[in-house]
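Let's work through some exercises together on the structure shown here. Try each task yourself before you read its solution.

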Amino acid sequence: MTSCWQNELADSFTDPVDLLSFLGLATGNCDVTTEVSAVFPFRVTQAYAARIRKGDLSDPLLRQVLPDTLERLDVHGFGSDPVGDLNSVSHPGVLHKYSGRALLITTGACAIHCRYCFRREFPYDGQQLAKSREHAAIESIAEDNSIQEIILSGGDPLVLNNRRLGALIQSIERIPHLRRLRLHSRLPVVLPSRVDPEFLSLFDRLRLQVVMVIHVNHPNELDESVKYAIKAMTQKGITVLNQAVLLRGVNDDASCLIDLSEKLLAYGALPYYLHLLDRVRGTAHFEVPEDQANRLLEELRRRLPGYLVPRLVREIPGAPYKQPL
Ligand code: SF4
């Protein structure tokens, strides 16, 4: 039997023409956008689409998901694996990049396709944690006492159904040297119905500390349904943090970032990272220059209490941690 959230997921927009029509926008250049989305498919949930302003092609939420002809530009310095993921594979489905932490590529699927995604060219077929690889991957973590934290990533781990996700969490829970479980997911924001009672029950009686890192770039992504999902998780004792990507034409404005931090706190999540764009091919039009990023952060420091100022970082392949600016 499918859950409510799975029906909603199946009901997503998968053609940019349909989304533009829903928003009352002209679909004249959609031959081009359809062509671009053949390289990195288009996908947007109804819940996210409902927060896009109707009739506004420059809406910051729309800009994050609408394929653009600029994605076809081949710009120097932009490649297929901008953060060196493939050099960090310790086992199929497992990335071991930073000390004490291992990351599982649980799936290649997402509820929404963000045009700036740093894994838009990631070879999921060979690298995701298929069921057949799971046992060996868990064994490899069990044999490495230096690992204290497991990060469930993807794709988006919350696309997995509760049975699969619950079994994976229990396998991780049984490894005695692990202390924390971290999940990185955009579903509590773009499909808040995913945070249903059955999902929340997966965290009952866990020994591991649980951290959920959501991904919100603009305050308009946060509405009452997201607030409810965040509150439900925090009431379970889950620490909810946010990471955002600094994106030209989306959130490269101090007032917007301040609103985002204020709203996140009001909803129960703390701002954690503000990432410079990872330079993946097809995303150069989203890049905000480093000096502008530093000026924005200076403005945030002046106008916000320290706990609402996210850490501005960049990921450099091979570096032992994310580099603060
Ligand atoms: S949800 Fe995350 S992994 Fe999926 S497309 Fe967006 S940024 Fe990439």
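## Exercise 1: A serine in a loop

Task: Find where S146 lies, and decide whether S146 is buried, partly exposed or exposed.

Solution: S146 is placed in the loop between α7 (131-142) and β4. Keep in mind that this is a predicted model. Next, look at the accessibility: S146 has a relative value of 43%. The partly exposed class lies between the 20% limit for buried and the 50% limit for exposed, so S146 counts as partly exposed. Finally, take a neighbour in space: R101 is 45 residues away from S146 in sequence, and their C-alpha atoms are 8.2 Å apart.

## Exercise 2: Reading the sheet

Task: Work out in what order the 10 strands form the sheet, and why one side of β1 and of β10 is left without a neighbour.

Solution: Start with the order, which is β1-β2-β3-β4-β5-β6-β7-β8-β9-β10 in an open sheet with mixed pairing. Now go to the edges: β1 (89-91) and β10 (323-324) stand there with a single partner strand each, so each has one side without a neighbour in the sheet. As background, strands in a sheet pair through backbone hydrogen bonds, and they can be parallel or antiparallel. For an example, follow β2 (residues 94-95) and β3 (residues 101-105): they run antiparallel and are joined by two bridges. Within this pair, L95 is opposite L103 of β3.

Then add the helices. Helix α8 (residues 162-173) packs on the sheet and touches β3, β4 (149-153) and β5 (180-184), with its direction at about 165° to that of β4. Helix α12 (residues 254-267) lies across β6 (209-215), β7 (239-245) and β8 (270-275), at about 145° to β8.

## Exercise 3: Into the core

Task: Say how many residues the largest nonpolar core has, and which residues L19 touches.

Solution: The largest nonpolar core has 90 residues, and L19, I150, L152, I172 and F199 have the most contacts inside it. Its largest share, six residues, comes from α12. Now pick L19: leaving aside residues up to four places away in sequence, L19 touches F13, F42, V44, A49, I52, L62 and V65.

## Exercise 4: Rings and charges

Task: Classify the aromatic pair of F199 and F203, then the pair of Y272 and Y273.

Solution: There are five aromatic pairs in the structure. For F199 and F203, the ring centres are 5.2 Å apart and the planes meet at 75°; planes over 60 degrees apart count as edge-to-face, so this pair is edge-to-face. F199 is buried at 0% relative accessibility, and F203 is buried too, at 7%. For Y272 and Y273, the centres are 4.1 Å apart with 25° between the planes, and the pair is stacked. Both of these tyrosines, Y272 and Y273, are buried.

Charges also meet rings here. The charged end of K54 sits over the ring of F22, 4.5 Å from the ring centre. The charged end of R194 sits over the ring of W5, 4.0 Å from the centre.

## Exercise 5: Backbone details

Task: Describe the peptide bond from G154 to G155 and the phi angle of R205.

Solution: The bond from G154 to G155 is cis, with omega near 15°. G155 belongs to the loop between β4 and α8. R205 has phi near 60°, a positive value in a residue other than glycine. R205 lies in the loop between α10 (197-201) and β6, and with 79% relative accessibility R205 counts as exposed.

Definitions and conventions
Residues are numbered from 1 along each chain as its sequence is written. This is a predicted model: local features need pLDDT of at least 70, side-chain atom pairs count only at pLDDT 80 or more; totals for chains, interfaces and linings use all residues. Side-chain values use heavy atoms; hydrogens and water are left out. Two strands pair if DSSP finds at least two bridges between them. Helices (H or I, at least four residues) and strands (E, at least two) are DSSP runs, numbered from the N terminus. Contact means heavy atoms within 4.5 Å. Axes are lines fitted to C-alpha atoms, for helices over the stretch in contact, and angles run from 0 to 180 degrees between N-to-C directions. A nonpolar core is a set of buried Ala, Val, Leu, Ile, Met, Phe, Trp, Tyr and Cys residues joined through side-chain atoms within 4.5 Å. Buried means under 20% relative accessible area, exposed over 50%, partly exposed in between (1.4 Å probe, protein chains only). Rings of Phe, Tyr and Trp (its six-membered ring) pair if their centres lie within 6.5 Å; planes under 30 degrees apart count as stacked, over 60 as edge-to-face and the rest as tilted. A charge sits over a ring if NZ of Lys or CZ of Arg is within 6 Å of the ring centre and within 35 degrees of the ring normal.
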